[in-house]
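Me: Could you take a close look at one part of this chain and follow its contacts outwards into the rest of the fold? I would like a single connected account, with the values kept beside the residues they belong to.

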Amino acid sequence: MRGIYFRQAYQIHMADDLLRYTSLSVADVAHRSGLGSRINLYFAYKRDFKCSPTERREQLQRQGDEDMYKIE
């Protein structure tokens, strides 16, 4: 796997975990996952999953997942 693809996969995986297990805003998820802005996160999710980050959060989250981990 080329470095650029590894980085993109890692950033999306990190964003998925942050969306699922925290109540961070989409903008904060984008920043912490390395994607920069909420707009970049939105376009990455539209490209990879054909949905918005908010819709992806709804798909991923199960009961008890939100705020499972605290980030400071």
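Reply: D67 is found in the segment after α4, and in this predicted model that segment is a useful place to start. D67 has a positive phi of about 60° although it is not a glycine, and at 48% relative accessibility D67 counts as partly exposed. A comparable backbone feature is seen at K50, a residue other than glycine whose phi is near 60° and thus positive. K50 belongs to the loop between α3 and α4, and K50 is exposed, with a relative accessible area of 64%.

From the segment after α4, one link to the rest of the chain is ionic. The side chains of R20 and D65 meet in a salt bridge, with 2.6 Å from N to O; this pair joins distant parts of the chain, since R20 sits in helix α1 and D65 in the segment after α4, 45 residues apart. The two partners differ in their cover: D65 is buried because its relative accessibility is 6%, which lies under the 20% limit, whereas R20, at 25%, counts as partly exposed.

Another link from the segment is aromatic. Among the 4 aromatic pairs found in the whole structure is that of Y21 and Y69, whose ring centres are 5.5 Å apart and whose planes meet at 75°, so that the pair is edge-to-face. Because Y21 lies in helix α1 and Y69 in the segment after α4 (53–60), the pair ties together parts that are 48 residues apart in sequence. Y21 is buried, with a relative accessible area of 18%. Another edge-to-face pair is formed by Y42 and F43, with centres 5.5 Å apart and planes at 75°; here Y42 is partly exposed at 33%, while F43, at 52%, counts as exposed.

Helix α4 has its own link to helix α1. The side chains of R56 and D16 form a salt bridge with an N to O distance of 2.9 Å, and because R56 lies in α4 and D16 in α1, the pair ties together parts that are 40 residues apart in sequence. Both partners are buried, R56 at 14% relative accessibility and D16 at 12%. The structure holds 3 salt bridges, and one of them joins D48 and R47 at 2.8 Å, N to O; D48 is partly exposed at 36%, as is R47 at 46%.

Helix α1, reached by the links above, also enters the nonpolar interior. The largest nonpolar core has 11 residues, including I12, L24, V29, L35, L41 and Y45, and the elements that give two or more residues to it are α1, α2 (26–33) and α3 (38–49). The largest share, 4 residues, comes from α1. Within this core, I12 touches L35, A44 and Y45, and I12 also touches D48 and F49, when residues up to four places away in sequence are not counted.

Elsewhere on α1, I4 has its place in this helix, which covers residues 3–21, and at 38% relative accessibility I4 counts as partly exposed. Together with M1, Y5, F6 and Y10, I4 makes a nonpolar surface patch of about 620 Å².

Definitions and conventions: Residues are numbered from 1 along each chain as its sequence is written. This is a predicted model: local features need pLDDT of at least 70, side-chain atom pairs count only at pLDDT 80 or more; totals for chains, interfaces and linings use all residues. Side-chain values use heavy atoms; hydrogens and water are left out. Patches are made of residues with over 30% relative accessible area and no salt bridge: like charges are joined within 9 Å, nonpolar side chains (Val, Leu, Ile, Met, Phe, Trp, Tyr) within 5 Å. Accessible areas come from the Shrake-Rupley method with a 1.4 Å probe; for residues, only the protein chains shown count as cover. A salt bridge is a side-chain nitrogen of Lys or Arg within 4 Å of a carboxyl oxygen of Asp or Glu. Buried means under 20% relative accessible area, exposed over 50%, partly exposed in between (1.4 Å probe, protein chains only). A nonpolar core is a set of buried Ala, Val, Leu, Ile, Met, Phe, Trp, Tyr and Cys residues joined through side-chain atoms within 4.5 Å. Contact means heavy atoms within 4.5 Å. Rings of Phe, Tyr and Trp (its six-membered ring) pair if their centres lie within 6.5 Å; planes under 30 degrees apart count as stacked, over 60 as edge-to-face and the rest as tilted.
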